[in-house]
Structures are given as structure tokens and as C-alpha cells.
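User: I'm new to reading protein structures, and I'd like to understand one part of this one really well. Could you pick a single part and walk me through it slowly?

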Amino acid sequence: MISLGVRAGRSADLKESSDRIKSWVRQLLSLPNDAVVTVSEITCRDVKCPGVETVILVMPPGAPTRLVKISAPLLDVQLDDIEAALK
Amino acid sequence: MTTQSTIPVTVLTGFLGAGKTTLLNRVLSESHGKRYAVIVNEFGEIGIDNDLVVNSDEEIFEMNNGCICCTVRGDLIRIIEGLMRRRGQFDGILVETTGLADPAPVAQTFFVDDDVRKNTRLDAIVTVVDAKHLADALEDAHEAQAQIAFADIVVLNKTDLVEPAALDAVHRRIRAINPVATVREAERCNVPLTEVLDRNAFSLERILEVEPEFLESLHEHEHDDHVTSLSLVSNEPLDPNAFLPWIQDVVQTLGADILRMKGIIAFRGDPDRFVVQSVHMLLDGDHQRAWKENEARTSRLVFIGRNLPKELLRAGFEKSVASEALPS
């Protein structure tokens with residue numbers, strides 16, 4: 001969900017960034033078409049959690065889910081960040 | 001939170017033997033004009049051969065560092081992504097959980113994962129309970145209390161197996177845990193499907209859609225239940241500058257124990273109702289429609305959770321009451 005009084009408008013920029021990140025992940029990991037990749041920007045209210053993170057879930061068919069985190073807002077994630085996170 | 005293009009998802013919870021599978025088979029077999037993709041734990045329990053029935057193995061993981069509100073069901077993310085490739089073949093999704101499942105990760109999956117949120121909307125959490133065995137289930141497992149606490153709709157099944165006095169006690173027990181759920185009695189899960197499907201219960205438009213007189217006469221219940229509720233009411237307008245920071249702080253600091261919260265708030269000098277809801281630390285709130293001319297501008301806030309610090313919450317709420325009216 002979202003902050004009080006601020007509606008969650010998923011802007012075209014966010015969609016574009018999300019699609020770009022998915023494409024990079026698929027290429028870097030040579031994923032098959034039926035693998036699922038999701039990209040989420042998580043802003044948690046828990047005081048123990050960090051601020052804004054981009055969380056990528058890689059779900060190849062028949063294999064466990066891999067969770068990759070990048071300490072940056074979704075719009076700021078670059079190819080270098082994903083390469084480093086996937087190492 | 002919702003758009004018309006998103007697929008409604010109904011989450012079906014309830015203890016083993018309560019009647020979930022009966023309800024599920026009805027959704028799959030009756031002619032109600034809609035097709036549902038159904039995500040189940042065990043194929044064997046479903047008596048209908050249907051290519052829209054998908055088996056899942058519960059995969060719970062944390063999107064963040066052990067925070068309860070970022071705990072999601074990975075298997076649902078996978079399956080929903082797969083179902084979206086078959087979009088157009090079904091009108092809604094029904095997710096069956098195991099008897100002992102904690103509903104929180106299931107619900108949170110629909111708010112935390114951006115891709116799931118983009119394609120679907122959580123329509124309602126429906127909990128089926130067995131009128132005869134509910135008291136035992138509540139004693140034996142905290143999950144049963146959590147399932148009632150999270151429910152938007154409680155199907156109180158097998159009412160034919162209990163005497164009226166016992167049924168009345170079951171109603172009171174459910175109300176003590178969750179005063180805002182809609183409770184529908186049923187025998188062999190014969191509740192009209194229109195009362196459990198396509199309810200839009202998480203829409204801010206439909207928060208607290210229970211009888212106003214019930215909320216107004218709501219009294220505190222004293223039970224030994226692990227999960228309890230607290231209802232706060234004010235006939236005086238609240239100060240948004242006090243209420244909004246307070247409710248965000250409450251959700252942030254107590255969200256692990258607050259399973260659900262719902263409220264309709266009348267702010268001082270504000271012609272519109274402000275509605276608010278949360279699932280653990282996931283908070284949503286916005287202005288809704290204008291108060292009607294003859295409508296009492298009463299603020300109501302309901303917390304459902306474990307170990308609720310009731311006096312602390314009550315004191316915070318009372319501090320949010322506007323100290324003086326705006327000059328007219």
C-alpha cells in the first residue's frame with residue numbers, strides 16, 4: 001500500500017524502468033522465456049528496515065526463487081547495479 | 001488502490017474441515033456467469049477437473065530484512081504471473097490457503113509485489129469457520145484467530161449442527177475478534193456466491209460497510225483470545241495535523257501486532273470523509289466522498305490485533321480530537 005493521502009500513480013517512467021531492469025536480468029542470467037522476473041520498489045515503514053530498496057525476484061521454472069536487492073529507488077537502478085548484485 | 005483492469009482475487013481461509021473445499025467446488029461448478037482460476041494446495045480435494053485449477057506449494061519469503069509486512073508468498077507471485085499470460089480466460093482468481101496458513105503473507109503479496117499489484121487487486125479475505133468446532137479451533141491454534149481477524153467475510157458454516165444459544169455464543173466470539181467483518185451463516189456452505197465474490201472489500205470506498213448502529217453500540221468484549229479488537233469513536237472532529245502523524249507512528253511501531261485497521265475520520269473543517277486502512281504496516285488512506293447533509297460526522301477507528309495497548313491507542317486517538325473548532 002501507500003502513504004496517507006498520496007495515491008499510487010504508477011508512472012510511465014516506473015514501468016519503463018521496471019521493464020528495462022527485467023530485460024537486463026533476463027539477459028545477464030540467460031533466463032528462459034517461462035522464467036518469472038518481478039521488480040518491486042519497497043519502502044518499508046518498519047524502523048528496522050532500510051529506506052527505499054529495489055527488490056528483484058528471479059523465478060526460473062522448477063528452481064527456487066532468487067531474491068536480489070539493490071539499495072536504490074527503482075528509477076535509479078542501472079545495469080552496473082544489477083551486475084554487481086547478481087555476482 | 002484499484003483500477004477496473006485489474007483481476008479480483010479472493011483469498012479463502014479456514015481450518016481443515018470447516019468447508020473451504022465445498023465452497024471452492026461451488027465456485028467452480030455453479031453457473032454464476034464468471035470463470036475463476038483457482039489456486040489450491042492439494043489437487044485431490046477438488047472434485048472438478050478444470051484447467052484453471054492450479055496447484056501451489058507454499059513458498060514464504062521476506063522481501064526485506066525479516067520485517068513481517070514484507071513477507072510474501074513467492075508461489076503466488078509465480079502462479080499469478082503465469083495466469084496473466086492466459087488473461088481473458090477467467091474473470092477472477094480464488095486462492096485457497098492451508099488450514100494453518102497465516103493470511104498475512106498471502107494478503108501482503110497483493111500490496112508489496114509491484115507486478116502482482118499491477119495486474120490484480122485483493123478483493124476480499126473470506127474465512128470459513130465451523131460453528132460446532134470454532135471454539136476448540138480458537139483454543140488450539142492462534143492461526144484460527146488470525147484467520148478471523150483478517151477476514152472481510154466470515155462464512156459461519158454448519159449452523160445446523162449447533163443449538164441457537166451455542167450459535168449466538170459463536171457469533172459473539174467472532175465479533176470480539178473482528179467487529180467489522182460481514183458474518184454470513186450457512187449450512188454446507190450454502191451462502192450465496194454473490195456474498196463472497198467480487199466484494200471489493202479492500203477498496204477505500206467500502207471500508208467499514210457494516211451497520212452504523214452496530215458500530216455505535218459496540219462495546220468492548222473481554223475474552224482470553226490472543227487476537228482482540230479495539231473500536232474508537234469520536235463525535236468531535238479530529239485534527240488532521242495530530243491524527244495523521246499519530247496513525248502513521250502507530251502503524252510503524254505497532255504494525256507487527258496490528259493485523260488490520262479500518263477507519264472513517266471526520267476532520268475539522270473538511271467537507272469530505274477521510275478513510276484509512278492497514279494490513280500490518282501497510283497503510284492506505286485518502287479522502288473519500290463528502291459527508292452527507294444529515295449524516296452524523298462521527299469518526300470511527302477499529303484496530304484488530306495481538307496484545308493491543310488499548311489505553312495507549314485510546315489516549316492517542318483522544319489527543320487527535322481537535323481542541324477547538326475553526327472560526328466560522
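**A sheet in chain B**

Analyst: In chain B, take the contacts (C-beta atoms, placed from the backbone, within 7 Å) between residues at least 6 apart in sequence: 76% of them join residues at least 24 apart. This is a predicted model, in which local features need pLDDT of at least 70 and side-chain atom pairs count only at pLDDT 80 or more, while totals for chains, interfaces and linings use all residues. Residues are numbered from 1 along each chain as its sequence is written, and chains are lettered from A and ligands numbered from 1 in the order in which they are written. The pLDDT, the predictor's confidence in each residue from 0 to 100, has a mean of 86 over chain B.

Chain B has ten helices and 14 strands; these are DSSP runs numbered from the N terminus, with H or I over at least four residues for a helix and E over at least two for a strand. Let's look at five of those strands, which make an open, antiparallel sheet in the order β10-β14-β11-β12-β13. Here, strands pair if DSSP finds at least two bridges between them. The edges are β10 (227-234) and β13 (282-290), each pairing on one side only. Neighbouring strands are turned by 10° against each other on average, direction ignored.

Now zoom in on β12 of chain B. Seven of its eight residues are buried, meaning that 20 or more other C-beta atoms, placed from the backbone, lie within 10 Å of a residue's own (12 or fewer is exposed, in between is partly exposed). On one side, seven bridges tie β12(B) to the antiparallel β11(B). Opposite V275(B) stands I264(B), and opposite R273(B) stands A266(B). These two strands form a hairpin with five residues between them, where G269(B) has a positive phi of about 70°.

On the other side, seven bridges link β12(B) with β13(B), also antiparallel; one of the partnerships is D272(B) with A290(B). This hairpin has two residues between its strands, and H280(B) in the turn has a positive phi of about 50°.

Finally, the helices. Helix α9 (residues 240-254) of chain B lies across β11, β12 and β13, running at about 175° to β11(B). Angles run from 0 to 180 degrees between N-to-C directions of axes, which are lines fitted to C-alpha atoms, for helices over the stretch in contact. Helix α10 (residues 310-319) of chain B packs on the sheet too, touching β10 and β14 (299-306), with its direction at about 20° to that of β10(B).

Conventions. Two residues are in contact if their C-beta atoms, placed from the backbone, lie within 7 Å.
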